[in-house]
Amino acid sequence: MQAPVLHVNGDDPEAVVLVTQIALDYRNTFKRDVVIELVCYRRHGHNEADEPSATQPLMYQKIKQHPTPRKIYADQLVADGVISQELATTLVNEYRDTLDRGERVSKEWRPMELHSVDWTPYLGHDWAMPYDSTVPMDHLKALGERVSQYPATHVLQRQVEKIYEDRRLMAAGEKLVDWGFAETLAYATLVDKGSRIRFTGEDSGRGTFFHRHAVLHNQTDASTYTPLCNLHDEQGPFEVYDSVLTENAVLAFEYGYASAEPAGLTIWEAQFGDFANCAQVVVDQFLSSGEQKWGRMCGLTMLLPHGYEGQGPEHSSARLERYLQMCAQHNMQVCVPSNPAQVFHMLRRQVVRPMRRPLIVMTPKSLLRHPLAVSKLEELAEGTFQNAIGEIDALDPKGVKRVVFCSGKVYYDLLDARRKAEQQDVALVRIEQLYPFPEEEVRAILADYAHVTDFVWCQEEPQNQGAWYCTRHHYDSVLPSHARLRYAGRPASASPAVGYMSVHAKQQKALVEDALTLE
């Protein structure tokens with residue numbers, strides 16, 4: 001590790017304090033790792049009620065005969081004449097009496113709202129609270145032009161150069177906005193107003209699927225340039241780090257960072273959504289339940305690439321079902337945005353709306369360059385995040401016989417198949433925020449289909465995965481009493497996806513046909 005190791009006896013508290021101070025000074029001075037080996041023991045085994053001598057008899061015979069660090073230190077102070085034996089006994093009794101009264105024994109404890117960062121402005125807000133999501137068109141165009149510029153001496157790789165040429169056209173309104181540019185504009189509008197953005201992940205600078213390119217690499221000398229860091233002198237900081245493949249450590253650090261930085265946008269992105277498996281303990285123990293267990297709020301955003309492209313079981317599923325299973329008491333948001341305007345407003349909402357909750361996002365892969373997954377610049381400037389999106393084609397509601405609910409990439413498969421078949425009797429409704437479930441928005445969309453009795457939930461994931469089992473109960477409150485909701489998708493499977501492209505394509509075709517074919 002190329003790090004110094006400091007060994008210290010746990011029975012010597014003054015030595016422990018000294019070594020700790022040395023380690024901190026070393027790290028702060030040289031910005032390098034340092035290790036403390038604290039030589040000590042466990043006195044009561046696994047817990048206070050455990051009997052460790054059942055399995056470690058010889059060790060615990062010695063431990064029972066060994067005085068505690070407190071007694072060793074107290075005896076040393078008495079022997080040196082620093083304190084009396086009576087004072088040592090009094091300190092022990094006062095400490096135990098404080099515990100018995102249920103009072104705090106740590107003088108350093110401070111409630112969340114009194115920390116160095118004031119959380120008060122972010123407490124007590126409702127999900128439906130109003131907020132201004134708009135950005136003046138002229139200003140948005142100016143920001144778009146600014147983040148599409150780089151020094152003339154900075155030579156880009158050919159494909160990256162083409163991406164930036166297209167972004168300048170998008171900023172001018174001459175080309176529809178794609179996913180990468182919408183995401184970049186969201187960050188630009190936030191740092192423009194002074195907000196901090198912190199972004200970590202294995203490929204965050206470039207984007208796993210070659211869409212973000214927040215950091216530009218000079219092809220002549222390998223120097224880098226980050227347009228989002230160069231908007232103007234008064235902007236907020238934009239920090240992006242390509243982190244190591246130790247997902248649990250990185251996500252845990254970002255959780256702590258977001259808990260102490262409510263004003264900014266803190267993001268962790270998995271290289272593939274599947275890789276969040278290695279950080280699942282952080283989601284289980286902290287992200288999903290920290291507010292309920294400890295009153296610790298957090299606005300961390302997790303971007304998890306998700307979508308069935310025939311890439312096999314380790315590169316298809318971000319395990320959407322796991323996050324939905326942990327949703328309760330409005331503890332976090334789970335979103336599957338389907339177009340660039342949606343991701344723009346979703347990311348901005350995390351900062352512009354003063355409510356702070358974790359945001360779990362199933363981000364796309366093939367949709368990053370899908371010809372239909374584009375937005376007008378006006379949709380970014382004037383719109384807002386839509387928790388649910390109704391039918392976009394000019395179907396006669398009276399002629400609709402089935403309504404298909406879906407989320408994510410499968411929507412475009414359904415839309416493409418329906419248009420090719422010139423089918424007019426099936427409406428498509430996208431659920432963009434799976435939790436909290438947008439009951440009011442969905443009910444308003446379904447008002448035109450009060451006569452429909454046939455409803456379908458369509459998903460790419462196997463039946464025992466994805467959103468089906470964890471969200472189907474939400475539809476009971478929005479569907480007509482005489483209606484039924486049916487599943488269309490892959491059969492239940494122990495594996496997230498199949499390993500052969502031919503089998504994947506056959507399954508995909510079948511689930512789309514199942515969703516659109518009326519009985």
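# Exercises on a predicted chain

Tyrosine 500 is exposed, with a relative accessible area of 62%; exposed means over 50%, buried under 20%, and partly exposed in between, using a 1.4 Å probe and protein chains only. The model is predicted, so local features need pLDDT of at least 70 and side-chain atom pairs count only at pLDDT 80 or more, while totals for chains, interfaces and linings use all residues. Residues are numbered from 1 along each chain as its sequence is written, and side-chain values use heavy atoms, with hydrogens and water left out.

## Exercise 1: the whole chain

Task: State how many helices and strands are in the chain, and what share of the residues is buried.

Solution.
1. There are 17 helices and 16 strands. Helices (H or I, at least four residues) and strands (E, at least two) are DSSP runs, numbered from the N terminus.
2. Of the 519 residues in the chain, 48% are buried.
3. Along the principal axes, the C-alpha atoms fill a box of roughly 95 × 60 × 45 Å.
4. Among contacts with a separation of 6 or more, 79% join residues 24 or more positions apart. Contact means heavy atoms within 4.5 Å.

## Exercise 2: helices α8 and α9

Task: Classify the packing of α8 and α9 by angle, and list the residues that make the contact.

Solution.
1. Two packed helices are described by the angle between their axes and the distance between the axes. Axes are lines fitted to C-alpha atoms, for helices over the stretch in contact, and angles run from 0 to 180 degrees between N-to-C directions.
2. For α8 (residues 247-260) and α9 (residues 280-287), the angle is about 25° and the axes are 8 Å apart.
3. The two helices are therefore roughly parallel to each other. Angles under 35 degrees count as roughly parallel, over 145 as roughly antiparallel, 65 to 115 as roughly perpendicular, and the rest as oblique.
4. The crossing of α8 past α9 is right-handed. A crossing is right-handed if the near helix is turned clockwise from the far one by less than a right angle, and left-handed if anticlockwise.
5. From α8, the contact uses Asn248, Leu251, Ala252 and Tyr255; from α9, Val282, Val283, Phe286 and Leu287.
6. By class, the residues of this contact of α8 with α9 are 7 nonpolar, 1 polar and no charged. Ala, Val, Leu, Ile, Met, Phe, Trp, Tyr, Cys and Pro count as nonpolar, Asp, Glu, Lys and Arg as charged, and the others, Gly among them, as polar.

## Exercise 3: helices α14 and α17

Task: Repeat the classification for α14 and α17.

Solution.
1. The axes of α14 (residues 410-420) and α17 (residues 501-516) come within 10 Å and cross at roughly 65°.
2. These helices are therefore roughly perpendicular to each other.
3. The crossing of α14 past α17 is right-handed.
4. Val410, Asp413, Leu414, Ala417 and Arg418 of α14 meet Gln508, Leu511, Val512, Ala515 and Leu516 of α17.
5. The residues of the contact of α14 with α17 comprise 7 nonpolar, 1 polar and 2 charged.

## Exercise 4: cysteines

Task: Give the number of disulfides, and explain why cysteine 327 and cysteine 406 have no bond to their closest cysteine sulfur.

Solution.
1. The structure holds 0 disulfides, a disulfide being a pair of cysteine sulfur atoms within 2.5 Å.
2. For cysteine 327, the closest cysteine sulfur is in cysteine 470, at 8.4 Å, which is too far for a bond. Cysteine 327 is buried, at 13% relative accessible area.
3. For cysteine 406, the closest cysteine sulfur is in cysteine 458, at 6.6 Å, also too far for a bond. Cysteine 406 is buried, at 0% relative accessibility.

## Exercise 5: backbone and loops

Task: Describe the backbone at lysine 31, histidine 213 and proline 436, and place each residue in its loop.

Solution.
1. Most residues other than glycine have a negative phi, and most peptide bonds are trans.
2. Lysine 31 has a positive phi, near 55°. This lysine 31 lies between α1 (13-30) and β2 (35-39) and is exposed, at 66% relative accessibility.
3. Histidine 213 also has a positive phi, about 50°. The loop of histidine 213 runs between β3 (197-201) and β4, and histidine 213 is buried, at 3% relative accessibility.
4. Tyrosine 435 and proline 436 are joined by a cis peptide bond, with omega about -10°. Proline 436 sits in the loop between β14 (433-435) and α15 (439-445).
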